Structure formats: structure tokens, C-alpha cells
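Work through the exercises below with the sequence and the coordinates open. Each task is followed by a stepwise solution.

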Amino acid sequence: MFKRVMEKLQRSSIESDLKPFKKTLTQINSFSETLKSLCDDELKAQLQSLCASISPPMNISTQVKIFASVSEISNRLLGMRPFDSQMLAGLALHDGYIVDMKTGEGKTLAAAAPVIVNALAGRKVHVLTFNDYLAKRDSHFLQPLYQFFGLSVGMIQADMSCKQRKKAHACDIVYATAREVGFDYLRDQLVHYKQQKVLSGLDVAIVDEADSILIDEARIPLVISGDIHQNNDQLTHIATVIKQLDKTNDYAVDEFSTSVHLTDSGSRKIEQQFGCENLFDIDNLPLLTSVNLALHVEVLLVKDIDYIVKDNSIKLVDEFTGRIAEKHRWPDGMQSALESKEGLPVKKEGQTLGSITLQHLMCLFKKVSGMTGTAVLAAQEFELLYQLKTCVIPPRKPCIRIDKPDRVFSTKAEKTIAICNEISLIQRTGQPVLVGTPNVRESENLYALLVEKGIECCLLNAKNDEQEAQIIAQAGAWGAVTICTNLAGRGTDILLGAKDTASNIQVKKAGGLHIIGTSRFESRRIDDQLRGRAARQGEPGSSQYFVSLEDKLFNHLGQDGLLSGKSDTGELLSNARISKKIAHGQRVLEGANLDRRKALYKYSDLVEQQRQMIHQLRNDILQGEGAEEFKSKVTSRWQNLSTVVSDEKLNEALNIVVMHAIDKLWVQHLSEIDYIKEGINLVGTAGTSFMLSGNEPYHVFIQQVQQVFEQLLAELKTVVVDLFNNLAIDENGINPNSELFAMTKSTSSYVVADNPFDAVDRQFIASIWKKLKLE
């Protein structure tokens, strides 16, 4: 029943009728033929005449001519004429679809025509890429094409200065990650003068690897923090005490391994160590919070799985890619607790000045489309979260990859032995092998076993991801064996034979690239993305997953009735039954994760509405509007100053005071929200609801957040008056070294990583477990 409902929902979210696009494609190809006989100067003159006549909205005839021109000019400048499949993808992107286009089909070039059409229509276009490397690579690759159309192209990198960012954002076309655009947006909300802004508008976004940016990272908050530090000198002491607790008697872990709490014995030991009579008294809330954080990171966060230690600091690992998640930090003090656990210097945490989720950021664009190789399985979410339909573009050549049935073992040890034997057999044939593992620890363990067996191989994971390009470039070579975390090389094609023609033919005869997955993931998209590394553009390739009943996925699925029928190697014989159970479990988990994202979106939606209200008020002040109502409250001081200070400087000073007051109160508001969340989380940890007076946590959250926001608005005028009346103002206005500028003078940006231990997540994990057991 569940399967039929999911299939029906997915069908309704997918546009399968490509006839309108194919009709337009025929017109494009016809017009493109007329351009082939033109010399470059004639082509440029015709293009200039066409561009001069463009006025929005662009009619279909003009669109056809521009698409055809892109095809011809791309062939001349880049030596690449877009295939029909790429042009179809471009038409779908221009019409606002999420495009499902398989690996190796040329998404970079497919996006060029819709980018150019939008830019020529006078719209600012942001092409949002998966990482900085792809933003740099793709913008440089397509720059000659864009410049031929008279369009400027900019590129944002994480280490750029504000001046460089402003110059890049001023271009017609901007390549950047969604995170960097989000950080620039947040920084723009803190400036005191219009000319300090770097963004020049959010209009059109074309998103590469759309499932990653729009779904996997959708609810992750981007944060700007300032130079107001909070520090907990007890963290190191607390971490030491927690390490000394007895895991049998002093704390208990829930059945899902997502929550841990002190027993009575553990609570007494903490009380003795810190000299408090009752750890759960309201006066001891800061200590209780720190103890809970330290206990969670000690027991539930595992080194080389959830994070690594590199360059004497904690580095989080992206669960979807296996790479270091740059600028990611655990939330709510967990990062500091983790640093204490590992004996590293505890970095002071700046106070949050502003925050926005990627989902809310994307909603600020007026037009969004995207492309990825695994959009179909996420089609329902694209429509629910963004009202975007998915369009499937058939590959230029049929995919001939052989996806072999899973091999299933009762234990991880038996599975690992089988994987090593399989790799040894395949390597003798010369067929290259790419092995995808779920985490750093497993990749290192498998690599060590293979080396011990005398099998030459390369290792790629978060600890050496700076070598990614070099390792992936050789992953398709004759006899190559590459062990990596699950999605190494995303956005980069693995070339068979490593660019050597003779070797390419040899590798194809051997069967192309073979993919081995060492476990199934909770999402079918992740499984398919790993498989998609092989068999690009009609090339040969194959894949196979190795599974054990001790894998993480079976923590949810259980093992009931699966152990009957087993060979001497531990391989289970009821593969079809187990595969059916895995597929069913993945569908349930995907549905539950969608519900989870929707619920967590509700928590952030009210705060986002409040942020927009505050930022609109601030922006009005920045533009020199909206300060009149505050001016009437400071008449006396204004008149006294007006004898020596010009009206221009007084107005500027008042504007800065109002913006500072808004920023100050908003920072306090964000801190209050954190306290509200923490209170709800602690209630969830205790498993009780009496503190919520019988109400659902969400309703309590909404009620309390609304109350503190109303208090913010009520306090604003009072704060402005107090600041203005006591601020030093002379004929030059406010001193640039004034404390009013101190809060935003030094800022840092980071991404808040998912907290898998909060109350909302525990609720969904419990519901998943119940659903799987019942079905």
C-alpha cells in the first residue's frame, strides 16, 4: 500500500511529456543550420542585432534564436556543440524545472543557454554549484561563451574579500555555492552604509546538484557570528568527569542510539564532583546543559565516523559525501564539548548575529530551477518544498551498466572478507574498481586489509580530500583500485583508461568501471549516486552492493526471519527477500525524513518571518527611510546638537543608532530562541510533558517565540532613545571607533550541522521504528 501511494505521488511530481520541448528543439536545430555558414563577424553582428531587440518578457522566437546561437558559438569557441539532450535540459531549466540528467551527460554545458537567455533579458543569474572548485571550473570553462554574448561572469570563492565579492556579484552571471551567497546575504544585513553591501540582488538561480543543495542541506542554518564571546571554563573539567563515568551503571543509551541520559548513580557522581545538592534544580541549568552536551559527544559521537581530528581541530564529515564539511560546526555548544572530549583547545564561540536556512534563502530568489542525476526519487520533495516539478531527460546513449544483485552476509566481518576477495578477483582482470564506504573509519580499515593482502590501491577520504582530483583522475585506469567515502568525485567524471586512448579501449573490453558499495544507505538516492560513477554516456560499467545484517540500516529494519539459509562464508541465500526488505525500509525512511524536514521547517518558518520583518525595517533605515518616528522621540538632544552638527550628519547618526538597536535586539532574540529550544529539548530528554502544560512542543515554541518577538518590538524605541541620547556625536557624526560598530567589525561565518539528538529527531526515529515493526 505504502509503495503504491509513493509511486503515485512521485508520478504526479514528474513531467514526462517532452513534446513541447522537442518541438522547440526542432526550431532551434533548424535555425542553428543557418548560422553555420556565417563567419564570426557576421555571427556577432547578427547576435548584436538580436540582443538589441530583446525586451522582457522574451518571446519564443527570440529564445529559439539565442539557444541556436549558443549551440553554434559553443562549437566554435569551446569545440563542443551541445547534444539534443543538453538542449532539452536547457529548455526545461529555462521553464523552471528540476532536471534529472544522468552522470556524464554534460550538465555544465546544458545550463549555458538558459543562463544566457535570462541574463540577456536583464535578469541577474546565480549558478549555484556543489563546491568552490566547481564554481571556479565551470565559470572559467564557459567564460568565453558568455563574453561573446557581451555578458560578464563572476565567481565567488570562500576566501575572497568583500571587495572581490562585490565585484563578482556585480556581474551579469555569478557562479558560487549556495552557502557563500547565503553568507553574503547575511553580511549585507549587518552593514551601516549602502555602499558596503556586496549583493546586487537575488533573482534567478540555476542549481547544480539540486538534490544536495535543495533537499539534503535544505534546513541547515547558515550563521554569521560576531565578536561577542561566550566561554565555559568548566568544559574541560566536565569532559574529564564524564570520561570517568561507568557506562553500565552511570548512564543509559536508548534503543536507537540517539539519546543518552544519566542514571541516579551518574547524577550523584556529578553532584559530588561539582558540589551541588540537586543537579536538576533550576539554578543548576547551565551545569546540567554542559553535562548533557559532554555526555552526548562522549557516548554518541564517534571519531572517524561523525568527525575527524585534523590540523589540531575538529572537522565534521558530510554524511552524504564523506568529505570534510567546511565551515560546519555542531550547534548549541556541542562543538566546544567535542573539543574538550578530544583534548583540543576550546575555541570561544561568537554570538550569533544572523542566520538563515538554505531553504529560506532559495525562497528569496524569484525563479529557481536545478539539475542533478538523481532527481526522480526526490521529485515529491521538490514539489512540496519548492513547488518545482521534475523533468527527466533521456540520456544521449542508453545506460548499459550492469547492476548486480546485492550480496548479503550475516556479519560485517564476513562481508569484509568477501569484499576483499571480490576486489582481488576483479583486479586480476584489469577492470578498475571504485569502492564506496559510508565513513572514514570503514574506508581506512578496508584499505589496510587490502594492503595487507598485497593489493595495490588508493585511499580517498576526508583526511586527504585535497588529493581528490589527482586520485579520481586515475580511478578509471587499468587495474586501479580506489577506496573512498561514498561520493568521492561528485561533479567530476571518472574517465576510463585515464585519458589514454589505447588504455580506454582496454578498460572497456574489461567491463568498464566497477562500483562496489560496502553497505546500503538510508536513501536510495545515495545508492544511485554511487552507482552513477560508472557507465557514463553509454560506456560499459557495473555495480554491486555488499550488505551485512550488522550494517547501520538494519538498526532500523531488524533481522527477524533473515538468518535462515546461510553458506559457509556467512552469505545469506534469501537475497531476494532481504533486498525487498531493504527497499521497503529505505522508502519508509525517506518518507519519514520528508515528514521530519517539513516539521523542522515549521519551527524555523516563524523565525524566518520575523527575520524578514526586522531586515525590511533595517533596510528601510539603510535607504534613509523610516527613521522619522524615532526622530520625534529625541527632539531635545537633536535640537542641542543641531547648533554644531549638520542635519545630514544627525540623520546619518540616527540611522546608525536605529540599525545598531535593531541588530542588538535581534541578537538577543536569537539567544532567547536558543534557550527556548534547549528547554524543549531537555523536556524531550526527560521524556515528560508536564512542563509544557499538556501542549505539543511545537505549539509551546511558537507561543514563546512570538512573545519574545513582541517584546523586541516594544523595546526598540526605548533602546534607540537611550543610545542616541547618550552617544558621543560631533560635527563629523559618530566616531568610527564607536562601540556601535564593534559588534559587526569582526565576523565569522559557518554552517550549523544537523543535531541528531534533539527532541524532534528522536520523535521521528521512534515513529520510523514503530512503522517498520508494524509493517
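**Exercise 1. Two glutamines in loops**

Task: classify glutamine 537 as buried, partly exposed or exposed, and do likewise for glutamine 387.

Solution. Glutamine 537 has a relative accessibility of 22%, so it counts as partly exposed; the cut-offs are under 20% relative accessible area for buried, over 50% for exposed and partly exposed in between, with a 1.4 Å probe and protein chains only. Glutamine 387 reaches 61% and is therefore exposed.

Next, locate them. Glutamine 537 sits in the loop between α22 (524-531) and β22 (541-548), and glutamine 387 in the loop between α17 (379-386) and β15 (390-392). Helices (H or I, at least four residues) and strands (E, at least two) are DSSP runs, numbered from the N terminus.

Last, check the backbone. Most residues other than glycine have a negative phi. Phi is positive at glutamine 537, about 45°, and also at glutamine 387, near 55°.

The model is predicted: local features need pLDDT of at least 70, side-chain atom pairs count only at pLDDT 80 or more, and totals for chains, interfaces and linings use all residues. Residues are numbered from 1 along each chain as its sequence is written, and side-chain values use heavy atoms, with hydrogens and water left out.

**Exercise 2. The packing of α4**

Task: describe how helix α4 (residues 60-78) packs against α8, α5 and α2.

Solution. Two packed helices are described by the angle between their axes and the distance between the axes. Axes are lines fitted to C-alpha atoms, for helices over the stretch in contact, and angles run from 0 to 180 degrees between N-to-C directions.

Step 1, α8 (residues 132-148). Its axis and that of α4 come within 10 Å and cross at roughly 125°. That makes α4 oblique to α8; angles under 35 degrees count as roughly parallel, over 145 as roughly antiparallel, 65 to 115 as roughly perpendicular and the rest as oblique. In contact (heavy atoms within 4.5 Å) are Val70, Ile73, Ser74, Leu77 and Leu78 of α4 with Phe141, Leu142, Pro144, Leu145 and Phe148 of α8. By class, this contact has nine nonpolar residues, one polar and no charged; Ala, Val, Leu, Ile, Met, Phe, Trp, Tyr, Cys and Pro count as nonpolar, Asp, Glu, Lys and Arg as charged, and the others, Gly among them, as polar.

Step 2, α5 (residues 84-94). The axes of α4 and α5 come within 12 Å and cross at roughly 140°. α4 is thereby oblique to α5. Gln63, Phe67 and Ser71 in α4 meet Met87, Gly90, Leu91 and His94 in α5, a set of three nonpolar, four polar and no charged residues.

Step 3, α2 (residues 19-35). The axes of α2 and α4 lie 8 Å apart at an angle of about 55°, which makes α2 oblique to α4. Residues in this contact include Phe31 and Leu35 of α2 and Lys65, Phe67 and Glu72 of α4. Its classes are seven nonpolar, five polar and three charged.

**Exercise 3. Strand β5**

Task: which strands pair with β5, and why is β5 described as largely enclosed?

Solution. Strand β3 (residues 125-129) pairs with β5 in the parallel sense over five bridges, with valine 127 opposite tyrosine 175. Strand β4 (residues 153-155) also runs parallel to β5, joined by three bridges, and valine 153 stands opposite isoleucine 173. Pairing requires at least two bridges found by DSSP.

For enclosure, Ile173, Tyr175 and Thr177 point one way from β5, Val174 and Ala176 the other way, and all are buried. Five of the five residues of β5 (residues 173-177) are buried, so the strand is largely enclosed by the rest of the structure.
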